[in-house]
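Reader: I'm new to reading structures, and I'd like to learn how such descriptions are justified. Could you walk me through this one?

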Amino acid sequence: MSSTKSIEELHVWIHELRDVLGVDHVIYHTANIRGEQVGAFTYPLDWVRHYIENDYQAIDPVLLGAVKRFHPIDWKTLDWSSPHARQMMRESQAAGLGNQGWSIPIWGPKGEFAIFTVNHRATDPQWAVYTRDHAKELLLASHLVHQHTKRILNNEVEAPTTDLSPREREVLSRLGLGESRARVADALQISENTLRAYIDSARHKLGAANVTHAVALATARGMIVPSGVLPKY
């Protein structure tokens, strides 16, 4: 994560973090670092737009609870009794979100506030075991994401370039050799959703219309090896 140079790259990295943590979704959002709102998440974009358009932040029990606390919050301990909150929860699950959540409020010395959340579909007993066993690494991950977000927003990095990350180069190299997406994801030990995030990021950097175009551009620019020998990173 220390090599990320932009919020867009951080967004891709969040997808891999989701796979490592073994949950359905990971979400990071900050309200006021340098006056900017920043988000990196694995939620469906349609749900994020729906949340914003309906101003759910004004009634979201998770957000309302987090701004009053300093310790991790299990969503089950929050007040979901209002009709609006229950409706929001029903709509979120219909959009693909899980029924369980664990959120960590992050406070900075100058009043900065951010929230890091893992979201998953599980029974109450399963979730209790997961949060107990992973509490320490979730806390560590939350503060690492926050630290590197501040680093990026404070311009403590070189200006972003169009170069591909090592993982993006390996993804395009393997796809260029004719490997299926499922095989590439399996070889890299990531989900196909995370693989798609790397592909989309590489296409955006290269200005490519599709995967074939991205492979061609990356090969022409010397970013990937066009032969049958994969680069080692």
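**Reasoning from contacts to cores**

Author: Gladly! In this predicted model, L17 touches V26, F116, A141 and V145, leaving aside residues up to four places away in sequence.

Reader: What makes these "touches"?

Author: A contact means heavy atoms within 4.5 Å, so L17 and each of V26, F116, A141 and V145 meet that cut-off.

Reader: Which residues have the most contacts inside the largest nonpolar core?

Author: They are L17, L21, V26, F116, V118, L138 and V145, in a core of 25 residues. A nonpolar core is a set of buried residues of certain kinds, Leu, Val and Phe among them, joined through side-chain atoms within 4.5 Å. Buried means under 20% relative accessible area, so L17, as a member of this core, falls under that limit.

Reader: Which element gives the largest share of this core?

Author: That is α5, with seven residues. Each of α1, β1, β2, β4, β5 and α5 supplies at least two. There is also a second, separate core of 23 residues, which includes L172, I199, A214 and I224.

Reader: How many helices and strands does the protein have?

Author: It has nine helices and five strands.

Reader: And why is the protein called as compact as a globular protein of its length?

Author: Its radius of gyration is 19 Å, and the globule rule gives 17 Å for 233 residues; the two are close, so the description fits.

Reader: What share of the residues is buried?

Author: Buried residues make up 47% of the 233.

How values were computed:
Residues are numbered from 1 along each chain as its sequence is written. This is a predicted model: local features need pLDDT of at least 70, side-chain atom pairs count only at pLDDT 80 or more; totals for chains, interfaces and linings use all residues. Side-chain values use heavy atoms; hydrogens and water are left out. Helices (H or I, at least four residues) and strands (E, at least two) are DSSP runs, numbered from the N terminus. The radius of gyration is taken over C-alpha atoms; the globule rule is 2.2 Å times the number of residues to the power 0.38. Buried means under 20% relative accessible area, exposed over 50%, partly exposed in between (1.4 Å probe, protein chains only).
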